[in-house]
Amino acid sequence: MEKPAPTTYAHDKDVHPSKLNWGETDPCVRGPVIIGRDALSINIRNAIGAYGGPYSIYRGLAVAMGDLSHNHRPNFENTQPPIEIKQQPQWSDPSKIVALDPFGHLTNEYFKKEIDEGLDIRPTIAITRAHMLVPEIQEEIRTGGIAVDGKVVVNETGELNVHKGAIDPVWYLPGVAARLKVDEDFLRRSLFENSGGMYPELITRPDLKVFLPPIGGASVYIFGNHELLSDPDVRLTVRVHDECNGSDVFGSDICTCRPYLIFGMKEAIKEAQNGGVGLIIYFRKEGRALGEVTKYLVYNARKREGDSAAKYFARTENVAGVKDMRFQALMPDILHWLGVTKIDRFTSMSNMKHDALVDAGIKVLERVPIPDELVPPDSKVEMEAKVAAGYYTNGHVPCPTELSRTVGRGWDEFHH
Ligand SMILES: [Zn+2]
């Protein structure tokens, strides 16, 4: 293996970042995000971090083990999106998109010359199409709640037609700082220190304005005609869901995550079948972006100390210091990227998500809570605590006495 390239600050005088005009309409004037540390890129890189978010660490392992050549270049032939996500005015509004690269799915098209010259420029967004089979939705089709229309629901088996996209975060730091209402230098220092000093250029190269953070991204699932997403005259049903592996995949009954996600999908499918569009956005922000280790520690504290809606958020704050780190202010960027200006039905009760959308100038016409019958008994604690804290409901908001009466199962009630 060659000697690793130094961080740019080690030979500052040689570093002349390639121009990157965030918010430019013409992608060629905007310029590519260049982040490679190869000989060609190192002195013209204009971004901090690495492609692939957290997976850059696995790439490091693979190169260290000799499984992957350090100068491997992906072959992008035939990897282009099967549909066109049309350029929207929002793409060139630097106040609307700061947390993803709006041209991230088109790098091979717009920056082909640079790639052919040997620069390591990679897509940060990929779009594909797929069939899905979801047991709860198959059941709904079997019992007649959702019809087979041959388009969105392909057949009696319950195959769903969907277009989906994967989006890695690309942060324009001045825009992120402005959105979060913090000073950019202070933000850069905090990111540097809280990632164990992993990205020194956050401090040493304030002229590098773009950061690909080592965090998970988001997936979008589109039911119906994607071209109608930006049409304000076409109805749109949206769920913005934050990852909860325990419920989403493993069916834990302590929260409402999977039931609400599936309900959101059903509503999205029905909207698409009625001529509208349905959209699910799934963010990798496990356990309110506190992580699953923190989440399970909180579960233990809740179950040991008597699980009650009155103490629900305090338990999280005791362990994590805050009750939530999802920073929904950055969430609307994906909707801006898709050209969404209004949501007819928003299947979420979160006041934080709702307020972030409204602050971003996206109209929310109707908020749709999870139906009571879909709330698992042991998740009543979470649901009541959230409603009392400001989550949207079209029902009753519990008072403090009622909150302390809503209790979950203790460990002595678990089967072993
Ligand atoms: Zn959950």
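Modeller: Buried means under 20% relative accessible area, exposed means over 50%, and partly exposed lies in between, with a 1.4 Å probe and protein chains only. This is a predicted model: local features need pLDDT of at least 70, side-chain atom pairs count only at pLDDT 80 or more, and totals for chains, interfaces and linings use all residues. Residues are numbered from 1 along each chain as its sequence is written, and side-chain values use heavy atoms, with hydrogens and water left out.

Biologist: How many helices and strands are in the protein?

Modeller: Helices (H or I, at least four residues) and strands (E, at least two) are DSSP runs, numbered from the N terminus. By that count, the protein has 17 helices and 10 strands.

Biologist: What radius of gyration does the protein have?

Modeller: The radius is taken over C-alpha atoms, and the globule rule is 2.2 Å times the number of residues to the power 0.38. For 416 residues, a compact globule would come near 22 Å. The value for the protein agrees with that: 23 Å.

Biologist: What share of the residues counts as buried?

Modeller: The C-alpha atoms fill a box of roughly 65 × 50 × 40 Å along the principal axes. Of the 416 residues, the buried share is 49%.

Biologist: Among contacts between residues at least 6 apart in sequence, what share joins residues at least 24 apart?

Modeller: Contact means heavy atoms within 4.5 Å. Among the contacts you describe, the share is 71%.

Biologist: Which residues coordinate the zinc ion?

Modeller: Donors are N, O and S atoms within 2.8 Å of the metal (3.2 Å for Na, K and Ca); water is not among the atoms, so sites may look incomplete. Here the donors follow the spacing C-x10-C-x1-C along the chain. Each donor is an SG atom, at 2.2 to 2.3 Å, and the residues are C244, C255 and C257.

Biologist: Where do C244 and C257 sit, and are they buried or exposed?

Modeller: C244 lies in the loop between β7 (236-242) and α9 (245-248), and C257 is in helix α10 (residues 257-273). The pair links distant parts of the chain, 13 residues apart. As for cover, C244 and C257 are both buried.

Biologist: Which residues does K295 contact, leaving aside its neighbours within four places in sequence?

Modeller: K295 is in helix α12 (residues 292-304). Its relative accessible area is 11%, so K295 counts as buried. Its contacts include the zinc-binding C244. The full list is C244, N245, E286 and G287.

Biologist: How many salt bridges does the count come to?

Modeller: A salt bridge is a side-chain nitrogen of Lys or Arg within 4 Å of a carboxyl oxygen of Asp or Glu. By this rule the count comes to 30.

Biologist: With which residue does D120 form a salt bridge?

Modeller: D120 is buried, because its relative accessible area is 10%. Its partner is buried too, at 17%. The closest N and O atoms are 2.8 Å apart, and the partner is R122.

Biologist: How many residues apart are E136 and R258?

Modeller: E136 and R258 form a salt bridge, the closest N and O atoms being 2.7 Å apart. E136 is in helix α5 (residues 135-142), R258 is in helix α10, and the distance along the chain is 122 residues.

Biologist: Why do E136 and R258 count as partly exposed?

Modeller: The class depends on relative accessible area. E136 has 29%. For R258 the value is 21%.

Biologist: Which residue meets R179 in a salt bridge?

Modeller: R179 is in helix α6 (residues 173-180), and its partner is in helix α14 (residues 333-337), 154 residues apart. Both side chains are buried. N and O lie 2.8 Å apart, and the partner is D333.

Biologist: Where is N78, and what is its phi?

Modeller: N78 is in the loop between α2 and α3 (107-110). At 65% relative accessible area, N78 is exposed. N78 is not a glycine, yet its phi is positive, about 65°.

Biologist: What is the phi of K181?

Modeller: K181 is in the loop between α6 and α7 (184-194). K181 counts as exposed, at 75% relative accessibility. Phi is positive in this residue other than glycine, near 60°.
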